Amino acid sequence: MTKKELAELLKYSSPREIYVITHYNVLKRVFCPFRVTVLQEIGALKKGQIVLVHEIKVTYELKTVFIINNQAFYYYHFDIIM
């Protein structure tokens, strides 16, 4: 994917909100900051710890990244608290 293609795709997204499908198949829009539970120890974060996501980014490979305490972590290390 080129930088131009990525820019075109990202112009429709926001770093301050994310859409989540709940366990009941309901689509919800969640705004930053939102709480997440750490699923596994990563960096200074401990398993089971609850932290706030302040921003959402996307990598060139289109992987979602959560910004927590000014550090970037892949989304799959967390469970969003609804």
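**Starting point**

Strands here are DSSP runs of E with at least two residues, numbered from the N terminus. With that in hand I could place Pro33: this residue belongs to the loop between strand 2 and strand 3. I kept in mind throughout that this is a predicted model.

**Overall layout**

I looked up the secondary structure and found one helix and eight strands in the protein. Along the sequence they follow the pattern α-β-β-β-β-β-β-β-β. Next I took the extent along the principal axes, where the C-alpha atoms fill a box of roughly 40 × 30 × 15 Å. I also looked at burial, and buried residues account for 28% of the 82 residues.

**The hairpin of strands 1 and 2**

I followed the chain into strand 1 (17-21). It pairs with strand 2 (residues 27-31) in the antiparallel sense, over five bridges. The two strands form a hairpin with five residues between them. In the turn I noted Asn25, which has a positive phi of about 60°. I picked one bridge as an example: Tyr19 has Arg29 in strand 2 as its partner.

**A cis peptide, then strand 3**

Which residues does a cis peptide bond join? I found Cys32 and Pro33, with omega at about -5°. Pro33, as noted at the start, is in the loop between strand 2 and strand 3.

Strand 3 (residues 34-38) was my next stop, and I sorted its residues by face. Phe34, Val36 and Val38 make up the covered face, while Arg35 and Thr37 are on the uncovered one. I then checked its pairings. Strand 3 runs antiparallel to strand 4 (residues 50-53), joined by four bridges, and Phe34 stands opposite Val53 there. Strand 3 is also antiparallel to strand 8, with three bridges. In that pairing I noted Val38, whose bridge partner is Phe78.

**Gln49**

I stopped at Gln49, in the loop between strand 3 and strand 4. Its relative accessible area is 31%, so I logged Gln49 as partly exposed. I also took the separation of Gln49 from Tyr19: 30 residues in sequence and 23 Å in space, C-alpha to C-alpha.

**Aromatic pairs**

I searched the whole structure for aromatic pairs and got five. For Phe66 and Phe78, the ring centres are 6.0 Å apart and the planes meet at 45°, so I put the pair down as tilted. Phe66 is in strand 6 (residues 64-68) and Phe78 in strand 8 (residues 78-80), so this pair ties together parts that are twelve residues apart in sequence. Are these two rings buried or exposed? Phe66 has a relative accessible area of 3% and is buried. Phe78 counts as buried too, at 7% relative accessibility.

I then turned to Phe73 and Phe78. Their ring centres lie 5.9 Å apart with the planes at 75°; angles over 60 degrees count as edge-to-face, so that is how I logged this pair. Phe73 is buried, with a relative accessible area of 7%. Putting the ring pairs together, I could draw a cluster of Phe34, Phe66, Phe73 and Phe78. Its member Phe34 is one I had already met on the covered face of strand 3.

I also found a charge over a ring: the charged end of Lys63 sits over Tyr74, 5.7 Å from the ring centre.

**Largest pocket**

How much space lies in the largest pocket? I got about 290 Å³. Its lining includes Leu10, Tyr12, Glu17, Tyr19, Lys57 and Thr64. By type, the lining residues divide into seven nonpolar, three polar and two charged. I asked which elements give two or more residues to this lining, and they are strand 1 (17-21) and strand 5 (55-58). Tyr19, bridged to Arg29 in the hairpin, is therefore a residue I have now listed twice, since the pocket lining holds it as well.

**Two more positive phi values**

Last, I looked for positive phi in residues other than glycine. Leu62 has phi near 65° and is placed in the loop between strand 5 and strand 6. With a relative accessible area of 40%, Leu62 is partly exposed. Asn70 also has phi near 65°, and I found this residue in the loop between strand 6 and strand 7 (71-74). At 78% relative accessibility, Asn70 counts as exposed.

How values were computed
Residues numbered from 1 in each chain as written. Predicted model: local features only at pLDDT ≥ 70, side-chain atom pairs only at ≥ 80, totals over all residues. Heavy atoms only, no water. Phe/Tyr/Trp six-rings, centres within 6.5 Å; stacked < 30°, edge-to-face > 60°. Buried < 20%, exposed > 50% of the residue type's maximum accessible area, 1.4 Å probe, protein only. Lys NZ or Arg CZ within 6 Å of the ring centre and 35° of its normal. 1 Å grid on protein atoms, 1.4 Å probe; cavity = no way out; pocket = protein on both sides within 12 Å on 5 of 7 lines; lining within 4 Å. Points joined across faces, edges and corners; volume = space filled by probe spheres on them. Nonpolar A, V, L, I, M, F, W, Y, C, P; charged D, E, K, R; others polar. Pairing = 2+ DSSP bridges.
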